[in-house]
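Biologist: I would like to understand how labels get attached to parts of a protein model. Could you show me the structure and explain the reasoning as we go?

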Amino acid sequence: MARIIAVANQKGGVGKTTTAINLASSLAAFQLNTLLIDCDPQSNATSGLGLGKDPERNSSYKLLVGECDAASALHPTELERLFVLPAHKNLIGVNFELVDAEKREFRLRDAISSLREKFNFIVIDCPPALDLLTLNSLVAADSVLIPMQAEYFALEGISELLDTIERIRSGLNPTLEIEGVLLTMFDERTNLTQQVTAELKRFFADKVFATTIPRNVRLAEAPSHGKPVLLYDPKSRGAESYAQLATEVARKHLPDYVQPEPATVEKQAENEEKQVVNAPRWRQRWRERNRLITIGLKG
Ligand code: ATP
Ligand code: MG
């Protein structure tokens, strides 16, 4: 059964999408079947994995309004074990169109329930708002991962997010957990970072991930090449830190899991990149179809 992790913080630009893309792709590189659901109308996770804008494609919008089922909205990526359920900017319409719909907060949970047994992890990228899309994500999720920048105003607005989580726990999703607080764009050299980190640890205690994500230009560049950082620059500090986060998450939920050697992961990334670049289109399509069959999504 998949562990469903929503990456949420209503504050903008704190590293949600960067974390969703790179956590999901690192888990996939560790041979774990992983799905990234883009639940943000900005569609940055979708374009960051190399998918163009296409309002006709099956997407999170069509899924939430009931125009397609989840299996038909999955798209393969350059990584064998990573699939994406993409978004389009039309997703913004859900906030208005479903306003009076019955069980509107449960749309995503119900729509993806059939996928749980096909994946090890499902990561959901949320928009920077506590809107119906984030609500759907938190109701569908087992846990919420909160990326935060260690800056002076980090805790501002967090009480609002925690109140929302509490409210969801007391009604819509009683088992929702906090997966952890992830410090992003981290620069341990500054005094301010040290102070804010100490404050966050006092507040969140053992919920702060041991892994921190450094500020690393490769992480910022990778999406413009349509790639997760482990394919763009596997040796960068950004790639290493997200691999470490994936290890932390995988070990927690799959205690018997034996991680492949880092060298194997790197080799796999290299090979897959070559294959995709070299494969003629029809061969690529076959491989994509076979991949879906391998993880049981197509008959
Ligand atoms: P939004 O709230 O708009 O959805 P977000 O929380 O998803 O934003 P990102 O898009 O992941 O945040 O990151 C914001 C910007 O910071 C992006 O330009 C991204 O490339 C950059 N960025 C994120 N993490 C890092 C990092 N560790 N090092 C350097 N740049 C980063
Ligand atoms: Mg984002």
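Modeller: Happy to! Let us begin with a term: helices and strands are DSSP runs, at least four residues for a helix and at least two for a strand, numbered from the N terminus. Please keep in mind that this is a predicted model. By that rule the protein chain has 13 helices and eight strands.

Biologist: Where does Gln31 lie, then?

Modeller: Gln31 lies in the loop between α1 and β2 (34–38). Its phi is positive, near 70°, although Gln31 is a residue other than glycine.

Biologist: What makes Gln31 partly exposed?

Modeller: A residue is buried with 20 or more other C-beta atoms within 10 Å and exposed with 12 or fewer. Gln31 has 18 within 10 Å, so it is called partly exposed.

Biologist: Is Ser43 buried or exposed, and how do you know?

Modeller: Ser43 has 21 C-beta neighbours inside 10 Å, and the cut-off for buried is 20 or more, so Ser43 counts as buried. Ser43 sits in the loop between β2 and α2 (44–48). Its phi is positive too, about 55°, and Ser43 is not a glycine.

Biologist: Why is Ser72 called exposed?

Modeller: Ser72 has 11 other C-beta atoms within 10 Å, and exposed means 12 or fewer, so the label fits. Ser72 belongs to the loop between α3 (60–64) and β3 (75–76). Ser72 and Asn58 are 14 residues apart in sequence, with their C-alpha atoms 6.9 Å apart in space.

Biologist: How do you know that the span of α1 agrees with what is expected of its 14 residues?

Modeller: The expected span is 1.5 Å times one less than the number of residues. For the 14 residues of α1 that comes to 20 Å, and the end C-alpha atoms are 20 Å apart, so the two agree. Helix α8 (residues 191–204) also has 14 residues, and its reach of 20 Å is close to the 20 Å expected. Just after α8, Ala205 takes a positive phi of about 50°.

Biologist: What makes α1 mostly covered?

Modeller: Of its 14 residues, 14 are buried. In the whole protein chain of 299 residues, buried residues make up 44%.

Biologist: Which helix gives the most to the shell around ligand 1?

Modeller: That is α1, with three residues. Helix α1 (16–29), strand β7 (177–186) and helix α9 (217–221) each supply at least two residues of this shell. Among the 18 residues around ligand 1, Lys16, Thr17, Thr18, Pro128 and Ala220 come nearest. By class, the shell has six nonpolar, nine polar and three charged residues.

Biologist: Now the sheet. In what order do its strands stand?

Modeller: The eight strands form an open sheet in the order β3-β4-β2-β5-β1-β6-β7-β8, with mixed pairing.

Biologist: Why are β3 and β8 said to stand at the edges?

Modeller: β3 and β8 (208–214) each have a single partner strand, so one side of each has no neighbour in the sheet.

Biologist: How do you know that β6 and β7 pair?

Modeller: Pairing needs at least two bridges. Strand β6 (residues 143–149) and β7 have seven bridges, in the parallel sense, so they count as paired. Within this pair, Met148 stands opposite Leu183 in β7. Helix α6 (residues 132–140) lies across β1 (3–7), β5 (121–125) and β6, and runs at about 155° to β1.

How values were computed: Residues numbered from 1 in each chain as written. Chains lettered and ligands numbered in written order. Predicted model: local features only at pLDDT ≥ 70, side-chain atom pairs only at ≥ 80, totals over all residues. Near = placed C-beta within 6 Å. Nonpolar A, V, L, I, M, F, W, Y, C, P; charged D, E, K, R; others polar. Contact = placed C-beta atoms within 7 Å. Axes fitted to C-alpha atoms, helices over the stretch in contact; angles between N-to-C directions.
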